[in-house]
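Student: I have a model open on my screen and would like a close look at a single part of it. Could you walk me through one helix and then show me how it sits in the rest of the protein?

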Amino acid sequence: MKAAFLPDRGVVKVSGEDARNFLGGLVTTDIKQIAPGRARFAALLTPQGKIIVDFLITEAPPGHGGGFLLDAPRALAQGLTDKLKLYRLRAKVAVENLSGELGVVAAWDGDPVTRSDLAFADPRTPDLGWRILVPEALAGTVAGLIGADLVDSSDYEAHRIGCGVPRGGLDFSYGDAFPHETNMDRLHGVDFDKGCYVGQEVVSRMQHRGTARTRTVRVVLDDASPEVGETILAGDKPVGTIGSTAHGKGLALIRTDRVSDALERGLALTAGGLTIRLADPDALHAAAKPSVA
């Protein structure tokens, strides 16, 4: 088993007697399904349905003060804290950025031999493994306790890319992507039956009308890796952008209809002059649904 401390991740805490209902009315997942040791994937959206920030949410047990802990991008943790405070109004809720005190360890390629109070299985896909919320200074100790070798965070990045899970800021831009475009609907990050939340109407409409024409897909790189953000071309026409890459694998945000048409015409896909291939072309056809102009 491997484990890595993720320096790009922070932790925001939401506590108080109204915390569950407060979060339930804001984020894309069903907060009622969260408990100590169990997490959900979620996002806070703009009213137009675009992702402000995505995160994993778990509930802290009473011994750790209770409340909900959000495993979020560290660079956005203070902004998320401030945004949640704006929504607080008269709710009996406290919001704190704990990123200076608490960080995130990811563990994969096995199951922990022991499980700490703030550990949970990554809810996006079982292949990603586990998350453990812990101060950075204790990362090595925690790795030893769970039976894992502590490795560099770049090893986890390669694992994440191989699992086909996008990362905001690399594979999509915050404030400019809908949940469907980042596969949140397929990674258990959107509950379509939970009721209202900010941006819910737009996301629900995209789901029921099948209007998502842009998706994140896995790609294979035959040569060197293109730069993040490089335009993907089919012939001379842009069809998407390259995201994160590692060890001959990568993620790309593409227009599924345009790429499907290009492949049917026998056109190669390139980025920065380098050839790229879809890891699973059949998934592309499954993603390409009739769209509304």
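Tutor: Happily; we will start with helix α3 and then move outwards.

A word on the ground rules before we zoom in. This is a predicted model, in which local features need a pLDDT of at least 70 and side-chain atom pairs count only at pLDDT 80 or more, while totals for chains, interfaces and linings use all residues. Residues are numbered from 1 along each chain as its sequence is written, and side-chain values use heavy atoms, with hydrogens and water left out.

Now to the helix. Helix α3 covers residues 139–146; helices (H or I, at least four residues) and strands (E, at least two) are DSSP runs, numbered from the N terminus. Ala 139, Val 142, Ala 143 and Ile 146 of α3 are buried, where buried means under 20% relative accessible area, exposed over 50% and partly exposed in between (1.4 Å probe, protein chains only). Looking down the axis of α3, you find these buried residues within an arc of 105°, so they line one face of the helix. That arc is taken from the directions between the helix axis and the C-beta atoms. The spacing has a simple background: an α-helix has 3.6 residues a turn, so residues three or four places apart point the same way. On the face turned away from the buried side, α3 carries the exposed residues Gly 144 and Leu 145.

What covers the buried residues? For α3, the cover includes β1 (2–5), β7 (103–108), β9 (130–134) and β10 (149–150), judged by contact, which means heavy atoms within 4.5 Å. Just after the helix, Gly 147 takes a positive phi of about 85°.

Helix α6 (residues 256–264) makes a good companion, with Thr 256, Val 259, Ser 260 and Ala 262 buried. Their arc around the axis is only 165°, which puts them on the same side of α6. Just after α6, Gly 266 takes a positive phi of about 80°.

Elsewhere in the protein, five strands form an open sheet in the order β3-β4-β5-β2-β6, with antiparallel pairing; two strands pair if DSSP finds at least two bridges between them. At the edges stand β3 (39–45) and β6 (94–97), each with a single partner strand, so one side of each is left without a neighbour in the sheet. Seven bridges join β3 to the antiparallel strand β4 (residues 51–59), and Arg 40 stands opposite Ile 57 in β4. Helix α2 (residues 74–88) lies across β2 (9–15), β3, β4, β5 (68–73) and β6, and runs at about 165° to β6. For such angles, axes are lines fitted to C-alpha atoms, for helices over the stretch in contact, and the values run from 0 to 180 degrees between N-to-C directions.

Finally, the whole protein and how far to trust it. There are seven helices and 16 strands, and 52% of the 293 residues count as buried. The average pLDDT (the predictor's confidence in each residue, from 0 to 100) is 93, and 97% of the residues score at least 70. Over residues 288–293, however, the pLDDT is below 50, and this stretch has seven contacts in the model beyond near neighbours in sequence. Where pLDDT is low, the predicted coordinates should not be read in detail.
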